[in-house]
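Two people are going through a structure together, one asking and one answering. Could we take the model element by element and see what it shows?

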Amino acid sequence: MSLPSSFTRRDFVNGAALLAGAAALPSFLHAQARDSQNPPLPSSGAPLPVWEKPALPPGEPYRDYRPTITLNGSTLPFKIAEGVKIFHLVCEEVDHIFVPQTEWNQECRAYCWGFNKQVHGPTIECVEGDRVRIYVTNNLPEPTSIHWHGLIVPSGMDGVGGLNQPPIEPGQTFKYEFTVWQHGTFMYHSHHDEMTQMQLGLIGMFIAHPRTPSSSPPDRDYVFLLSEWKIVPGTRRPDPNEMTEFNLLTLNARAFPGTAPMLAKTGERVRIRLGNLSATDHHPMHIHGHTFKLTETGGGSLPMNAQTDFVTILVPVGSTRTVELVANNPGDWAFHCHMFHHIMNQMGHALPTVIGMKPGPMDQRIRKFLPGYMTMGQNGMAHMAEMHMKVPPNSVPMVGAPGPNGYITMGGMFTTLKIRNDLGKSDPAKGEDFSYAGWYAPPIGTQATLASAEELKKDLGIS
Ligand SMILES: [Cu+2]
């Protein structure tokens, strides 16, 4: 085939994408797609970069993949033109709510930086072999650029400002275009003035579904992006200079009690994709009532015989981890980071501990100078969460939420997996109600209870 001299390799790839859209692909290409996930290291020579392979026809939701669910967030819409999926991200300041107001707590919100009027950015979803074109408009007061974290793209599309491209100046729109020849859980984030921009929220998730899945998709596919913030109580702007003392730990930019629960019907397979773009903290994410299998790292899927069972999976900074479980144990199950300070909201971390202290007459003496003073925390902190103390504006210190059996004393990176025998419709596109599922009622004999006097006497000899 003769080509005009100006015809570039990129044009060829684009042309091939169009051709691919017109005809079914030979099966060996599908096989290559699968193999590309875990290719053997070459013994010599350089392999063809995966992004050079011609694109396949755009994958479509409910035909080629079951869409993921980004609780408290959304999925970025796209349109298809000439065999390419076209997305548009707009970087801008967003007045973001971390914890909505309830009768138990005031709201906590702050001016962050996000995409398309939300924090974090909407989840980008595509299918292995898709060609994607992503326009990025910068409405921030400083230059930015976007990096596609974990995706194998041409160097000039990698999005490191100053290295791979000129920064996107305020008011400009840049175009990124590449073919996704991987499947798995990836991320996107600003890669310019990284400390400020990522810590103010310019991060999001990027999901690529397999073109030819090796197994049926899970019934529910949840996506969480983990992050951490420093919002001094009483202020409305996260502090991007903070290095260690983060006081708001978030799942999809919400802190409990602002996090929505995951739902599942008994027996369903649940996938949970976790990305961590916190500034400095790794998060050991822990599930109750089940074990889950680690099925993916940020580098791709693990072979079946390497999918180990865990109850806590560490998600390091700059990484993704995907786990799967069978929801075979009905109930309300905690899912949370196991760092104790990551399941609480704003608190003075520099406070001296007063646990075990006996204030005696000291409180009365101090009240002469500070009316209403009361030493708190000498018996632990749980009671403080329930007291509705007057707190600084725009803060949720020590806030948890009322549960069915008293007060839940956790905040931050905490949500629940609610498993029920019947949840109604199971498909969000078909009208599933993702609102509150109510509390689980344990069958008689399956809940911890206050020991009776007879039991204490019979079993422990205590009377
Ligand atoms: Cu954590």
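What follows is a set of questions and answers about this predicted model.

Colleague: To begin with the whole chain, how many helices and strands are there in the protein?
Modeller: The model is predicted, and it has 463 residues, of which 37% count as buried. Among its contacts between residues at least 6 apart in sequence, 75% join residues at least 24 apart. As for the secondary structure, the protein contains 6 helices and 23 strands.

Colleague: Which strands form the edges of the open sheet that contains β23, β20 and β14?
Modeller: This open sheet is built from 5 strands in the order β12-β23-β20-β14-β18, with mixed pairing. Neighbouring strands in the sheet are turned by 20° against each other on average, direction ignored. The strands that pair on one side only, and that therefore form the edges by the bridge criterion for pairing, are the ones asked for. They are β12 and β18 (312-315).

Colleague: Within that sheet, how many residues of strand β20 are buried?
Modeller: Strand β20 spans residues 331-337, and 3 bridges join it to the antiparallel strand β14 (residues 283-287), while 6 bridges join it to strand β23 (residues 414-420), again antiparallel. The strand is mostly covered, and of its 7 residues the number that are buried is 5.

Colleague: Which residue of β20 is the bridge partner of Ile287?
Modeller: Strands β14 and β20 run antiparallel and are joined by 3 bridges. In β20, the residue that partners Ile287 is Phe335.

Colleague: And which residue in β23 is the bridge partner of Asp332?
Modeller: The antiparallel strands β20 and β23 are joined by 6 bridges. Strands of a sheet pair through backbone hydrogen bonds, either parallel or antiparallel. The partner of Asp332 in β23 is Lys418.

Colleague: Which residue of β18 stands opposite His286?
Modeller: Strands β14 and β18 pair in the antiparallel sense over 4 bridges, and β18 is an edge strand of the sheet, pairing on one side only. The residue that stands opposite His286 is Thr312.

Colleague: Turning to Pro261, is this residue buried, exposed or partly exposed?
Modeller: Pro261 lies in the loop between β11 (248-251) and β12 (262-265), and its C-alpha is 5.8 Å from that of Leu417, although 156 residues separate the two in sequence. A residue needs 20 or more C-beta neighbours within 10 Å to be buried and 12 or fewer to be exposed. Because Pro261 has 17 such neighbours inside 10 Å, it counts as partly exposed.

Colleague: In the open sheet of β4, β9, β8 and β6, what is the average angle between neighbouring strands?
Modeller: The 4 strands of this sheet follow the order β4-β9-β8-β6, and their pairing is mixed. Its edge strands, each pairing on one side only, are β4 (124-127) and β6 (146-149). With direction ignored, neighbouring strands are turned against each other on average by 20°.

Colleague: Which residue of β9 is the bridge partner of His189?
Modeller: Strand β8 (residues 184-190) pairs with strand β9 (residues 203-209) in the antiparallel sense, over 6 bridges. The partner of His189 in β9 is Ile203.

Colleague: Which residues are in contact with Lys53, leaving aside its neighbours within four places in sequence?
Modeller: Lys53 lies in the loop between α2 (27-35) and β1 (79-81), and it is partly exposed because 17 other C-beta atoms lie within 10 Å. The C-alpha atoms of Lys53 and Thr179, which are 126 residues apart along the chain, are separated by 7.9 Å. The residues in contact with Lys53 are Thr179 and Trp181.

Colleague: Where does the residue that follows Val119 across a cis peptide bond lie?
Modeller: The cis bond joins Val119 and His120, with omega of about -5°. His120 lies in the loop between β3 (108-115) and β4.

Colleague: What is the omega of the cis peptide bond that joins Phe256 and Pro257?
Modeller: Pro257 has its place in the loop between β11 and β12. For the cis bond joining Phe256 and Pro257, omega is about 15°.

Colleague: What is the phi of Asn116, which is not a glycine?
Modeller: Asn116 is in the loop between β3 and β4, and it counts as partly exposed because it has 18 C-beta neighbours inside 10 Å. Its phi is positive, at about 50°.

Terms used. Residues are numbered from 1 along each chain as its sequence is written. This is a predicted model: local features need pLDDT of at least 70, side-chain atom pairs count only at pLDDT 80 or more; totals for chains, interfaces and linings use all residues. Helices (H or I, at least four residues) and strands (E, at least two) are DSSP runs, numbered from the N terminus. Two residues are in contact if their C-beta atoms, placed from the backbone, lie within 7 Å. Two strands pair if DSSP finds at least two bridges between them. Axes are lines fitted to C-alpha atoms, for helices over the stretch in contact, and angles run from 0 to 180 degrees between N-to-C directions.
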